[in-house]
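Visitor: I would like to learn how to read a structure feature by feature. Could you walk me through one?
Guide: Gladly; let us put it in front of us and begin.

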Amino acid sequence: MGFQSVRDLSVAGKRVFLRADLNVPLKDGSITDATRIEATLPTLDLLVKGGAKIMLAAHLGRPKGQREPSMSLRPVAVKLADMLGRPVAFDVMLATLLLVP
């Protein structure tokens, strides 16, 4: 049996925890290059169309263990929602993005 891909999974009605590298450059709270977000779109689209509830985990940084508002994933959630054309919830405590079909 070879390596399985996300395309091989049945995700209908399941919760999927997805870790993605969304370390995008920010300037004054705005994303200056969305390439890494764009790279996740095919996988997210496949999971959403497959009926999965997605918890997307990523981080921009937490210097010395402290929350730094300038490193929040909130701008990523806004950009991702715009790119997907669907709501993306941001959980500040978990620092995760949530997509529900």
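**Reading the features in turn**

Guide: One thing to keep in mind is that this is a predicted model. Where shall we start?

Visitor: With strands, please. Which residues of strand S1 lie on the covered face, and which on the uncovered one?

Guide: The general idea comes before the case. In a regular strand, side chains alternate between the two faces of the sheet. Here, S1 spans residues 15–19, with Val 16 and Leu 18 on its covered face. Arg 15, Phe 17 and Arg 19 are on the uncovered face.

Visitor: In what sense do S1 and strand S4 pair, and over how many bridges?

Guide: They run in the parallel sense, and the pairing covers 5 bridges. S4 comprises residues 53–57. To find one of the bridges, begin at Arg 15: its partner in S4 is Lys 53.

Visitor: Now helices. Which residues of helix H2 are buried?

Guide: A general rule helps here. An α-helix has 3.6 residues a turn, so residues three or four places apart point the same way. In H2, residues 74–84, the buried residues are Val 76, Ala 77, Leu 80 and Ala 81. Viewed down the helix axis, they fall within an arc of 135°, so they line one face of H2. Val 78 and Asp 82 are exposed, on the face turned away from that buried side. After the helix comes Gly 85, with a positive phi near 70°.

Visitor: Where do the buried nonpolar residues gather?

Guide: In soluble globular proteins, nonpolar side chains tend to be buried together. The largest nonpolar core in this model has 23 residues, and those that touch the most other members are Leu 22, Leu 47, Ile 54, Leu 56 and Leu 80. S1, H1, S4 and H2 each supply at least two of the core's residues, and H1 gives the most, with 5.

Visitor: Let me try a single residue. Is Thr 40 buried or exposed?

Guide: Buried: the cut-off is under 20% relative accessible area, and Thr 40 is at 11%. Thr 40 sits in helix H1, and its side chain reaches the backbone oxygen of Ile 37 at 2.7 Å. Beyond its neighbours within four places in sequence, Thr 40 is in contact with Ala 20, Leu 22 and Leu 80. Two of these names should be familiar: Leu 22 and Leu 80 are among the core residues that touch the most other members.

Visitor: And charged pairs? How many salt bridges does a search of the whole structure find?

Guide: It finds 2. When reading such a pair, look at the N to O distance, then at where each partner sits in the chain. In one, the side chains of Arg 36 and Asp 21 meet at 3.0 Å, N to O. This pair links distant parts of the chain, 15 residues apart: Arg 36 is in helix H1 (residues 35–49), and Asp 21 is in the loop between S1 and strand S2. Arg 36 is partly exposed at 38% relative accessibility, and Asp 21 is partly exposed at 41%.

Visitor: How does the salt bridge between Lys 49 and Asp 45 sit in the chain?

Guide: Lys 49 and Asp 45 are both in helix H1, and being 4 residues apart, they are separated by about one helical turn. Their side chains meet at 3.2 Å, N to O. Lys 49 is exposed, at 66% relative accessible area, whereas Asp 45 is partly exposed, at 33%.

Notes: Residues numbered from 1 in each chain as written. Predicted model: local features only at pLDDT ≥ 70, side-chain atom pairs only at ≥ 80, totals over all residues. Heavy atoms only, no water. Buried < 20%, exposed > 50% of the residue type's maximum accessible area, 1.4 Å probe, protein only. Pairing = 2+ DSSP bridges. Arc of directions from axis to C-beta. Salt bridge = Lys/Arg side-chain N within 4 Å of Asp/Glu carboxyl O. Core = buried A, V, L, I, M, F, W, Y, C linked by side-chain atoms within 4.5 Å. Polar contact = N/O pair within 3.5 Å; in protein donor to acceptor, adjacent residues only side chain to side chain. Contact = heavy atoms within 4.5 Å.
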